[in-house]
Structures are given as structure tokens and as C-alpha cells.
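Open the model in your viewer and keep the selection box handy. We will go from stop to stop, and at each one you will get something to select and a note on what is there.

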Amino acid sequence: GISTQGRELVAEMDRLGIVHDASHLSDRAFDELCELTDRPIVASHSNCRELLGDPGNQRHLSDAQIREIARRGGAIGLNLFSKFLAGSTAGPAARVLEAPRATIDDAIRHIDHVCELAGSRKHVGLGSDMDGGFAADRLPEGIDQPGDLHKLSDALLSAGWPVEDVGDFEHGNWTNFWSRPR
């Protein structure tokens, strides 16, 4: 949950107009944050718990959390770490190292799931987590460097997304979110 000092921090962040990021919150902390603030919340690099078949893993967003973030006008950034897109059948100690590379289709499933729960395509964008926390061979197949990110856009276009909605996923939804007054 959120400690007494954490509750004070939430209030001060709200006073200053700082956005809350739920990407690493436990379920209890997420619920308490929602009780403490009525402000928009983002999950800058989180995926869909429901699609990973691991309902106890609080690293990923539950369907209810996705709906709440969207209801508040927040945004969710897709995390491209393969284990967070496709999961793993390896034992707990080996999961990170032995998980196979996810596919771009796995990434698209997470994007579409967020859109379905949010009721629109206006609450999802690229979050990536490509800042060095894991090697390129842990990204989806075919994405080995930032220059390959267009392959996600190409897949969304192939899935029938309009060009405008693909642009929103690439950058527009984040730009719109960060442009709103706090």
C-alpha cells in the first residue's frame, strides 16, 4: 500500500501538478492512489495482466486498472520486454533469461486489449522500456533497435487501423495527454 509519507507525497504531487505513474504499483497501492487523487494517472510502461495468464503478477495492469486509467483520461505505454508481452513457461528463477522472444503480434494483442477496455484508441501509446534495462534480444522478434519500431506501426496499419490512429499510438496520445493542463 501507500505509507503515511507516501500519502503526503501524493497530495504534494497533486498540488504541484505532477502526474502519477502506476507502472510499478501493487494492486493495493493502485487502489489507494485512486482513493487519494482524482487526477489522471498514467502507466508509462505496462502491459495487460489478463493476456499473460498470470493473474497474481501485479507488475502488469488488471482490466479494472486499465479501465480506471482510461476513465480518468490517462494513458498506458506498451512495454516491449518480451516476457511482459508473451510470458514464459520457464520456472520462476529462469523466466527472464529463458523466455522466448515475443512477436509483434503479441504486442498488437496488448494494444488492442487496452483499446477494447478503454473504449477507444486514445489511451494507448508506445512506452517501450528500451532504455537499457534489458538486451535487444528481449524485444519482440524483428525489433532490435529504435529504428525498427515502425514495424509496430506497420502491423497496426495491416490490422486495419487508420493512419491517424497509428500516429496517435506512435506519439499523438502522449502528446495530447502531456499538453493538457494539470
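A word to settle before we start: a residue is called buried under 20% relative accessible area, exposed over 50% and partly exposed in between, using a 1.4 Å probe and protein chains only. This is a predicted model, so local features need pLDDT of at least 70 and side-chain atom pairs count only at pLDDT 80 or more, while totals for chains, interfaces and linings use all residues. Residues are numbered from 1 along each chain as its sequence is written, and side-chain values use heavy atoms, with hydrogens and water left out.

**Stop 1: two backbone angles**

Select Ser128, which is found in strand 4 (residues 124-128). Helices (H or I, at least four residues) and strands (E, at least two) are DSSP runs, numbered from the N terminus. Is Ser128 buried or exposed? Ser128 is buried, at 13% relative accessible area. Now check its backbone: phi is near 60 degrees, a positive value in a residue other than glycine. For background, most residues other than glycine have a negative phi.

Step on to Asp129, in the loop between strand 4 and helix 7. Asp129 is not a glycine either, yet its phi is positive, about 65 degrees. Its relative accessibility of 22% makes Asp129 partly exposed.

**Stop 2: strand 3 and its partner**

Next, show strand 3 (76-79) together with strand 4 (residues 124-128). The two run parallel and are joined by 4 bridges; strands count as paired if DSSP finds at least two bridges between them. To find your place in the pairing, pick Gly77, which stands opposite Gly125 in strand 4. Which residues are buried on each face of strand 3? Ile76 and Leu78 are on one side, with Gly77 and Asn79 on the other, so both faces are covered.

**Stop 3: helix 3**

Select residues 63-71, which make up helix 3. Its buried residues are Asp63, Gln65, Ile66, Glu68, Ile69 and Ala70. Add helix 2 (27-36), strand 2 (41-42), strand 3 and helix 6 (104-118) to see part of what covers them.

Glu68 deserves a closer look: its side chain meets that of Arg72 in a salt bridge, at 2.7 Å from N to O. Here a salt bridge is a side-chain nitrogen of Lys or Arg within 4 Å of a carboxyl oxygen of Asp or Glu. Both partners are buried, Glu68 at 18% relative accessibility and Arg72 at 11%. Following helix 3 is Gly73, with a positive phi near 85 degrees.

**Stop 4: the nonpolar cores**

A nonpolar core is a set of buried Ala, Val, Leu, Ile, Met, Phe, Trp, Tyr and Cys residues joined through side-chain atoms within 4.5 Å. The largest one has 38 residues, and Ile111, Leu152 and Phe169 have the most contacts inside it. Helix 6 gives the most to this core, with 7 residues.

Centre the view on Leu152. Contact means heavy atoms within 4.5 Å, and Leu152 touches Leu80, Ile104, Ala107, Ile108, Leu126, Ile143 and Phe169, leaving aside residues up to four places away in sequence. Another core, of 5 residues, lies apart from the largest; Val19, Val42, Trp174 and Phe177 are among them.

**Stop 5: more salt bridges**

The whole structure has 11 salt bridges. In helix 1 (residues 4-16), Glu12 and Arg15 are 3 residues apart, about one helical turn. Their closest N and O atoms are 2.6 Å apart. Glu12 is partly exposed at 32%, whereas Arg15 is exposed at 59%.

Helix 6 holds another pair, Arg109 and Asp106, also separated by about one helical turn. Their closest N and O atoms are 3.9 Å apart. Arg109 is partly exposed at 37%, and Asp106 is buried at 15%. Finally, select Arg7, Arg28 and Glu32, which salt bridges with shared partners join into one network.

**Last stop: the cysteines**

How many disulfides does a search of the whole structure find? The count is 0, a disulfide being a pair of cysteine sulfur atoms within 2.5 Å. For Cys34, the nearest cysteine sulfur is that of Cys48, 17 Å away. Cys34 is buried, at 17% relative accessibility. Cys115 also has the sulfur of Cys48 as its nearest, 9.3 Å away, and Cys115 is buried at 10%.
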